[in-house]
Amino acid sequence: MTAETKTSVKNLINLLAPTQRDTQTCNSQLQKDPWAFDATLGYGPGASDTDTIPLSAPRQGPLPQLYRELSDEQLHERIQQAKATLGEDLVILGHFYQRDEIVKHADFIGDSFQLANAALTRESAKHIVFCGVHFMAETADILSTDDQSVILPNLAAGCSMADMADLPSVEACWEQLMEVYADEQDGEKAPVIPVTYMNSSAALKAFCGRNGGIVCTSSNAATVLEWAFERGQRVLFFPDQHLGRNIAKAMGISEEQMPLWWSKKPLGGNSEAELKDAKVILWNGFCSVHKRFTTAQIAQAREDYKDQNLRVIVHPECPAPVVEAADESGSTDYIRRAIEDATEPTVFAIGTEINMVNRLAAETPQHTIFCLDPVICPCSTMYRIHPGYLAWVLDELVEGRVVNQIQVPAEDQEHAKIALERMLAAKPRN
Ligand code: 13P
Ligand code: SF4
């Protein structure tokens with residue numbers, strides 16, 4: 001097998017017999033290309049398949065026929081040619097979860113924090129083509145200059161977790177919290193500081209900017225929570241309950257002081273007393289990729305490799321029992337570095353998205369690296385970025401046309417930028 005055959009999730013699925021696709025992948029439709037789902041309302045096959053997509057979620061129009069018919073090699077050539085023509089005017093940014101066929105064209109690959117920084121510092125490029133998901137492209141638009149355009153090759157590449165919190169629901173929550181904490185308004189510290197995970201809409205980042213809050217990523221969440229507790233008595237953390245819980249627990253906050261906020265229930269399903277006693281109020285959101293990881297999978301890995309040098313590393317979007325059963329947890333870049341820095345041959349059992357895990361396995365053959373989840377189940381929305389879409393948006397740029405531009409409304413830009421600049425100043429610890 002060539003490295004490419006070995007690592008590409010698409011190739012891996014294609015190698016399975018049709019009958020195996022039902023048992024070894026979470027959805028046998030994964031062998032199809034993403035444009036097969038452009039017209040359907042849903043996240044597409046993959047981990048978020050059964051999550052409810054909001055009606056307002058951006059959709060992608062049909063990809064021109066030509067790009068649906070080109071072979072992988074032809075698409076590769078086309079992308080390379082367009083990149084050569086666009087030269088310094090173009091920068092392609094990519095997240096670690098992207099498929100290999102995209103990663104090889106990216107000028108920079110990183111985690112969410114690094115990609116936000118990259119968007120801020122690529123001022124000479126006229127166009128930033130963002131191979132990741134919608135909230136990342138929005139962030140790039142906010143942090144880049146007004147003269148730059150940010151392009152998301154497939155507009156349907158959203159994030160089901162980000163969609164679990166919308167502005168009206170968060171505003172309704174905030175209003176109720178302000179009433180509960182009315183008698184604390186004049187204290188030295190604010191009663192509550194809003195913290196949004198990077199995986200959220202620009203409107204929610206702006207909400208945080210307007211209300212003395214901040215954005216965090218998985219790599220700097222601990223620094224951000226400390227920032228928030230210097231200014232407030234509590235934190236409202238959205239949308240990812242697991243990241244919020246894992247980081248707060250590591251800071252010594254007890255689960256009893258972390259009520260869950262159910263947006264459809266009055267007071268989020270909590271009593272006033274519980275909210276007054278709270279330290280971190282957790283929005284009831286989650287990532288469907290990371291919720292697949294279990295303590296049973298970790299126990300199995302420990303059993304299978306009991307006489308070997310095993311390290312279990314998971315992303316902090318995994319549920320708390322999984323993070324606690326693992327040896328380490330950290331952002332996608334933390335996971336990458338942990339593997340890169342290991343000097344002895346090691347068995348790494350990883351709890352994060354399959355494209356990244358397979359790539360790390362191919363790049364570092366001195367280690368044994370596998371995904372804790374035995375079923376092939378990529379992030380449904382990262383999978384939407386296919387070389388066909390990348391070739392199309394680049395060819396359009398060559399022709400002087402900007403398609404699929406992500407433009408955050410002016411009313412959100414200013415305040416979202418405040419919250420993002422606070423985030424960029426809160427450096428990751430490791
Ligand atoms: P990272 O910031 O760790 O790359 O995580 C982004 C993400 O969406 C994980 O699901
Ligand atoms: Fe969103 Fe989860 Fe995909 Fe990350 S892995 S983009 S949180 S759905």
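Strand 8 and strand 9 pair in the parallel sense over two bridges. The structure described here is a predicted model. Strands 8 and 9 belong to an open sheet of five strands, in which the pairing is parallel. This briefing also covers three annotated cysteines, a buried histidine, an aromatic cluster and a right-handed β-α-β unit.

**The five-stranded sheet**

- The order of strands in this open sheet is 6-5-7-9-8.
- Strand 6 (214-216) and strand 8 (260-261) form the edges, each of them pairing on one side only.
- Between strands 8 and 9, tryptophan 261 has tryptophan 283 of strand 9 as its bridge partner.

**The aromatic cluster**

- Trp283 also belongs to an aromatic cluster, together with Trp174, Phe207 and Phe238.
- Five aromatic pairs are present in the structure. One of them joins tryptophan 174 and phenylalanine 207, whose ring centres are 5.5 Å apart; their planes stand at 90°, so the pair is edge-to-face.
- This pair connects distant parts of the chain, with tryptophan 174 in helix 9 and phenylalanine 207 in helix 10 (residues 202-210), 33 residues apart.
- Both tryptophan 174 and phenylalanine 207 are buried.

**The annotated cysteines**

- An unreviewed UniProt entry lists Cys159, Cys287 and Cys379 under "binding site". These residues are spread over 221 residues of sequence, yet they cluster in space, with a largest C-alpha distance of 9.3 Å.
- Cys159, Cys287 and Cys379 are included in the lining of the largest cavity.
- Cysteine 159 lies in the loop between strand 4 (149-151) and helix 9 (167-180). Its relative accessible area is 13%, under the 20% limit, and cysteine 159 is therefore classed as buried.
- Apart from neighbours within four places in sequence, the contacts of cysteine 159 are Tyr43, Val133, Phe135, Asn199 and Thr381.
- Cysteine 287 is placed in the loop that runs between strand 9 (280-283) and helix 14 (295-304). The relative accessibility of cysteine 287 is 11%, and this residue also counts as buried.
- With neighbours within four places in sequence again left aside, cysteine 287 is in contact with Met161, Asp240 and Glu317.

**Histidine 134**

- Histidine 134 is part of helix 8 (residues 134-143).
- The relative accessible area of histidine 134 is 19%; because the limit for a buried residue is under 20%, histidine 134 is buried.
- Beyond residues up to four places away in sequence, histidine 134 touches Pro58, Leu152, Leu155, Ala157, Gly158 and Ile406.

**The β-α-β unit**

- Strand 12, helix 17 (residues 354-363) and strand 13 together make a right-handed β-α-β unit.
- Strand 12 (residues 347-351) and strand 13 run parallel and are joined by four bridges. Across this pairing, valine 347 stands opposite threonine 368 of strand 13.
- The two faces of strand 13 (residues 368-371) are a covered one, formed by Ile369 and Cys371, and an uncovered one, formed by Thr368 and Phe370.

Methods:
Residues numbered from 1 in each chain as written. Chains lettered and ligands numbered in written order. Predicted model: local features only at pLDDT ≥ 70, side-chain atom pairs only at ≥ 80, totals over all residues. Heavy atoms only, no water. UniProt positions renumbered as here; feature names shortened; annotations may be inferred. 1 Å grid on protein atoms, 1.4 Å probe; cavity = no way out; pocket = protein on both sides within 12 Å on 5 of 7 lines; lining within 4 Å. Buried < 20%, exposed > 50% of the residue type's maximum accessible area, 1.4 Å probe, protein only. Contact = heavy atoms within 4.5 Å. Pairing = 2+ DSSP bridges. Right-handed = clockwise from strand over helix to strand, strands pointing away. Phe/Tyr/Trp six-rings, centres within 6.5 Å; stacked < 30°, edge-to-face > 60°.
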